[in-house]
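Okay, thanks for coming, everyone. Let me put the structure up and then walk you through a loop, the disulfides and the cores.

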Amino acid sequence: VLECGGVTRVWMAQNLSYGTDLEGESICSNGTETCDEAGRLYDWWSAANVATSESNTKQKMNQSYFQGFCPDGWHMPNETELYNLLNYNGKNANGMSSMTMGKALKSTTGWAEVSTDVDGNGEDLLGLNIVPSGSFSPVEGDAEISVIQGEELAVFWIASEEKDNNAYTKAYTLVFANYADNTMYNPSPKGIGASVRCLMDF
């Protein structure tokens, strides 16, 4: 439970980890059959719970809460909720390009070492325990999906899309890296694998 932007918000303390009857692709973050450690990685269609042929989901995302594949009563974070998290108690004076909130939110263990003098771990100051979960590249045909940068990155889908050539072919992700104290907010192809953290509806 966090007081963000003057509003109480309840975030899940772990990455979403279930994945039956999903459109698209998903895989356990650690590449095993269980997803206990870091949840699952989902492509956009799985996370958003829409048909893979549906590239334009903008109309659905105009709702105040976008549930996606989150449980009933929970939803994917939108840009405002993300901004409020990254500005928690004024810790992020520069908006979503903070130079410190990545380290503040990352878990204290599990991140790959950057060099012999620099480890990639964070401080977990807010109890969200952002663990490294990696990603996967867009999958074509019957190609097997596999986790990449499993100890170096954590990538999360945000309920916001990017229009390109008159179609919403990308969606926004929040990225944490072992080498960075900041967070990165970027449009990503909908076919990549990313984690999901849900918020409780209010």
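A word on how I name elements: helices (H or I, at least four residues) and strands (E, at least two) are DSSP runs, numbered from the N terminus. Now, what you see is a predicted model, where local features need pLDDT of at least 70, side-chain atom pairs count only at pLDDT 80 or more, and totals for chains, interfaces and linings use all residues. Residues are numbered from 1 along each chain as its sequence is written, and side-chain values use heavy atoms, with hydrogens and water left out.

Let's begin with the loop. Val118 is in the loop between helix 4 and strand 6, and Val114 sits in that loop too, with helix 4 covering 101-105 and strand 6 covering 153-164. So are these valines buried or exposed? For burial, I call a residue buried under 20% relative accessible area, exposed over 50%, and partly exposed in between (1.4 Å probe, protein chains only). Val114 comes out at 39%, so it is partly exposed. Val118 has 42% relative accessibility, so it is partly exposed as well.

Those two valines join Tyr179 in a nonpolar surface patch of about 290 Å². Patches take residues with over 30% relative accessible area and no salt bridge; like charges are joined within 9 Å, and nonpolar side chains (Val, Leu, Ile, Met, Phe, Trp, Tyr) within 5 Å. The salt bridge there is a side-chain nitrogen of Lys or Arg within 4 Å of a carboxyl oxygen of Asp or Glu. The areas are Shrake-Rupley values with a 1.4 Å probe, and for residues only the protein chains shown count as cover. Along the chain, Val118 and Tyr179 are 61 residues apart, yet their C-alpha atoms are separated by 8.5 Å.

Still in the loop between helix 4 and strand 6, we have Asp124 and Asn129. Asp124 has a positive phi, near 45°, and it is not a glycine. Asn129, also not a glycine, has a positive phi of about 50°. At 22% relative accessible area, Asp124 is partly exposed, and Asn129, at 32%, is partly exposed too.

On to the cysteines. How many disulfides are there? Taking a disulfide as a pair of cysteine sulfur atoms within 2.5 Å, the count is two. In the pair Cys28 and Cys35, the sulfurs are 2.0 Å apart. The torsion about that S-S bond is about -65°, so the Cys28 and Cys35 disulfide is left-handed. Cys28 and Cys35 are both buried.

The other link joins Cys70 to Cys198, S to S 2.2 Å, and with -90° about the S-S bond it is left-handed. This pair connects distant parts of the chain, 128 residues apart: Cys70 in the loop between helix 2 (58-61) and strand 5 (74-75), Cys198 in the loop between strand 8 (184-189) and strand 9 (199-200). Both Cys70 and Cys198 are buried.

Last, the inside. A nonpolar core here is a set of buried Ala, Val, Leu, Ile, Met, Phe, Trp, Tyr and Cys residues joined through side-chain atoms within 4.5 Å. The largest one has 28 residues, and those with the most contacts inside it include Trp44, Phe66 and, once more, Cys198. Helix 1 (44-48), strand 6 and strand 7 (167-177) each supply at least two residues of this core. A second, separate core has 20 residues, among them Trp11 and Leu82.
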